[in-house]
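Please open the model in your viewer and keep the selection tool at hand. The tour moves from one selection to the next and says what is there.

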Amino acid sequence: MLGRRICRECGGNFNVRDIDEGGFIMPPTLPDPPCACDQYVNWMRREDDTEDVIERRIADFHSETNPVVDLYKSAGKLLHFIPLKGVEDMPLLVSMVTKYCQKSCP
């Protein structure tokens with residue numbers, strides 16, 4: 001999250017981090033080539049993208065979602081998925097959910 005940038009010019013959201021660690025491979029999400037935005041002039045970091053705020057957001061996320069995860073896990077309806085390649089894994093997730101629903105959903 002510390003790599004997120006917002007363009008003052010076009011309002012686009014980008015991520016400048018190149019992650020390749022712990023099995024996670026996520027290249028930066030940068031604008032498509034004809035983008036006229038100058039990253040050195042127009043891109044800014046959100047004011048609330050600090051380590052302290054991000055740590056608090058993650059803690060809040062876990063405290064709010066763990067009860068839901070536990071509910072679905074106890075009902076045998078939790079689909080476990082780790083997006084090792086970020087958005088590139090979306091087709092795999094869609095496929096997994098589709099197959100699960102074809103087997104389990106009324």
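Begin by selecting residues 4–7, which form strand S1, and then add strand S2: the two pair in the antiparallel sense over three bridges, where pairing requires that DSSP finds at least two bridges between the strands, and where strands are DSSP runs (E, at least two residues) numbered from the N terminus. Within this pair, Ile6 stands opposite Asn13 in S2. This is a predicted model, in which local features need pLDDT of at least 70 and side-chain atom pairs count only at pLDDT 80 or more, while totals for chains, interfaces and linings use all residues. Residues are numbered from 1 along each chain as its sequence is written, and side-chain values use heavy atoms, with hydrogens and water left out.

Now widen the selection to the open sheet of three strands, whose order is S2-S1-S5 with antiparallel pairing. Strand S2 (13–15) and strand S5 (43–44) stand at the edges with a single partner strand each, so one side of each has no neighbour in the sheet.

Next, select Arg5, which lies in strand S1. Which side chain of opposite charge is nearest to Arg5? It is Asp49, 6.2 Å away, and Arg5, although buried, has no salt bridge; buried means under 20% relative accessible area (exposed is over 50%, partly exposed in between, with a 1.4 Å probe and protein chains only), and a salt bridge needs a side-chain nitrogen of Lys or Arg within 4 Å of a carboxyl oxygen of Asp or Glu. Leaving aside neighbours within four places in sequence, Arg5 is in contact (heavy atoms within 4.5 Å) with residues including Gly12, Phe14 and Trp43.

Finally, select Val68 in helix H2 (residues 51–74), which is partly exposed, with a relative accessible area of 43%.

Terms used:
Helix = DSSP H or I, 4+ residues; strand = E, 2+ residues; numbered from the N terminus. Lys, Arg positive; Asp, Glu negative; His and termini not counted.
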